[in-house]
Amino acid sequence: MQIKNILVIGSGAMGSQIGMVAALAGFSTTVQDIAAESLAAARDQLAERMDNSVAKGRLGRADADAALARLRFTTSLEEGAAESDLVIEAATERLDVKRAIFAALDVAAPVHAILATNSSTLGSSKVAGATSRPGKVCNMHFFNPALVMKCVEVVRHPGTSQDTVDTVMELARQLGKAPVLINQEIPGFVANRLMGAIRDEALRLYADGFASFEDIDTAAKTALGHPMGPFELMDLVGLDVSYLIRQATHAETGDPADLPHPALAALYEHGHYGRKTGKGWYEYGRSATVAK
Ligand code: CAA
């Protein structure tokens, strides 16, 4: 199946950058959000990012302008879905919200359209049942910042068709990404399980007083070659996201070891979500309210 038109649901950090990735790769792309102000902010931030890429010589002005022209913004899901071949849902990580979106997409999108979710915690089987096309539903999980990170986890649920898997894997390659296929909906998929193991150990080392979080970050970078330490990464991803992922994992497994670490919970409860609120483990100036 050939994909031409892509709809991204949600204009937060993930949705907006996924939309930009698709437009840069030549796809006619629409980003939909119920909040017009979020769409406006996304449009401005993406234009600024393209300006930076042009200024750094990474992208030609004409290519940047062409990509921005391929990117539309709308508050209407129906309008965005009408001619879509593939939808990537990157809305809030709430099952009720996602199920409502998938039910609406099932009505509004052409019958051939694939409906993917960017969810890192909810396997697509949880939303597939809200549609009449479960075989065309899967996870297509990007990483933050989506414009930069190469990995896309394609996760099939038991009813996802092979055709859907093949099409989404191929699309991810066309987007310039390196897709990995995950054959079963396991909590955290693969990358977040690896990241979680490091983060949990870092939280233990810090909470037990063995080292400061700054020094733990330094060790991760200078001894292991990680681009960011685990605490910096939590701030980038959002402490709210890390917290809610743990809650969701705990809800699925019932294992108390999967609950958010108390040090993470304390920051979450004070509304310190990382870069997006200006404070997490670290403090950020006004220019860092949107991750970098
Ligand atoms: N959005 C878009 N682009 C960004 C960006 C952002 N938030 N932050 C940096 N970049 C771009 C820069 O513009 C720059 O682009 P060019 O190469 O074209 O100039 C490039 O990334 C490198 O940036 P910098 O030189 O400023 O800084 P850096 O070398 O430290 O890289 C980083 C920044 C890419 C974020 C890097 O630190 C990194 O890879 N960090 C780890 C990120 C990571 O692990 N992400 C996964 C999170 S887990 C997740 O997302 C899954 C989930 O389910 C929660």
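Helices (H or I, at least four residues) and strands (E, at least two) are DSSP runs here, and their numbers count up from the N terminus. With those labels in hand, let's walk through the model, which is a predicted one.

**Stop 1: the two domains.** Colour residues 5-182 one way and 191-282 another: the domain assignment calls these domain 1 and domain 2. Their centres, taken over C-alpha atoms, sit 26 Å apart. Now show the contacts between the two: eight residues on the domain 1 side touch seven on the domain 2 side.

**Stop 2: the sheet.** Next, show the strands as cartoon. You should find an open sheet of eight strands, and reading across gives β3-β2-β1-β4-β5-β6-β7-β8, with mixed pairing. Pick out β3 (71-74) and β8 (178-182) at the edges, as each of these pairs on one side only. Look along the sheet, too: neighbouring strands are turned by 25° against each other on average, direction ignored.

Then zoom in on the β8 end. Select 151-155 for β7, which runs parallel to β8 and is paired with it over five bridges. For a landmark in that region, label Val 154 and the residue standing opposite, Leu 181 in β8.

**Stop 3: helices on the sheet.** Stay with β7 and β8 for a second, then add α5 (95-108). This helix packs on the sheet and touches β1, β4, β5 (114-117) and β6. Its direction makes about 165° with that of β5. Now bring in α1, residues 13-24. Helix α1 lies across β1 (5-9), β2 (28-32), β3, β4 (86-89) and β6 (137-142). Against β2, α1 runs at about 170°.

**Stop 4: two backbone spots.** Go to the loop between β6 and β7, where you'll find Pro 145. The peptide bond joining Asn 144 to Pro 145 is cis, with omega about 0°. Then jump to the loop between β8 and α8 and pick Phe 189. Check the phi of Phe 189: near 50°, a positive value in a residue other than glycine.

**Stop 5: a pocket by α8.** Which helices each supply at least two residues to the lining of the second largest pocket? Select α8 (191-207) and α11 (239-253), and you have them. Of the lining, α8 gives the most, with seven residues. The pocket has a volume of about 270 Å³. Show Pro 187, Asn 192, Arg 193, Thr 249 and Asp 258 as sticks: of the 14 lining residues, these lie nearest the pocket's centre. By class, the lining splits into four nonpolar, five polar and five charged residues.

**Stop 6: the cavity.** How many cavities of 30 Å³ or more does the structure hold? One. The largest cavity has a volume of about 50 Å³. To frame this cavity, select Ser 120, Thr 121, Pro 187, Gly 188, Ile 245, Ala 248, Thr 249 and Glu 252, which line it. Sorted by class, that lining has three nonpolar, four polar and one charged residues. Keep the sticks from the last stop switched on here: Pro 187 and Thr 249 are in the cavity lining, and both are also among the residues nearest the centre of the second largest pocket.

Key:
Residues numbered from 1 in each chain as written. Predicted model: local features only at pLDDT ≥ 70, side-chain atom pairs only at ≥ 80, totals over all residues. Heavy atoms only, no water. 1 Å grid on protein atoms, 1.4 Å probe; cavity = no way out; pocket = protein on both sides within 12 Å on 5 of 7 lines; lining within 4 Å. Points joined across faces, edges and corners; volume = space filled by probe spheres on them. Nonpolar A, V, L, I, M, F, W, Y, C, P; charged D, E, K, R; others polar. Pairing = 2+ DSSP bridges. Axes fitted to C-alpha atoms, helices over the stretch in contact; angles between N-to-C directions. Contact = heavy atoms within 4.5 Å. Domains from an automatic or database assignment.
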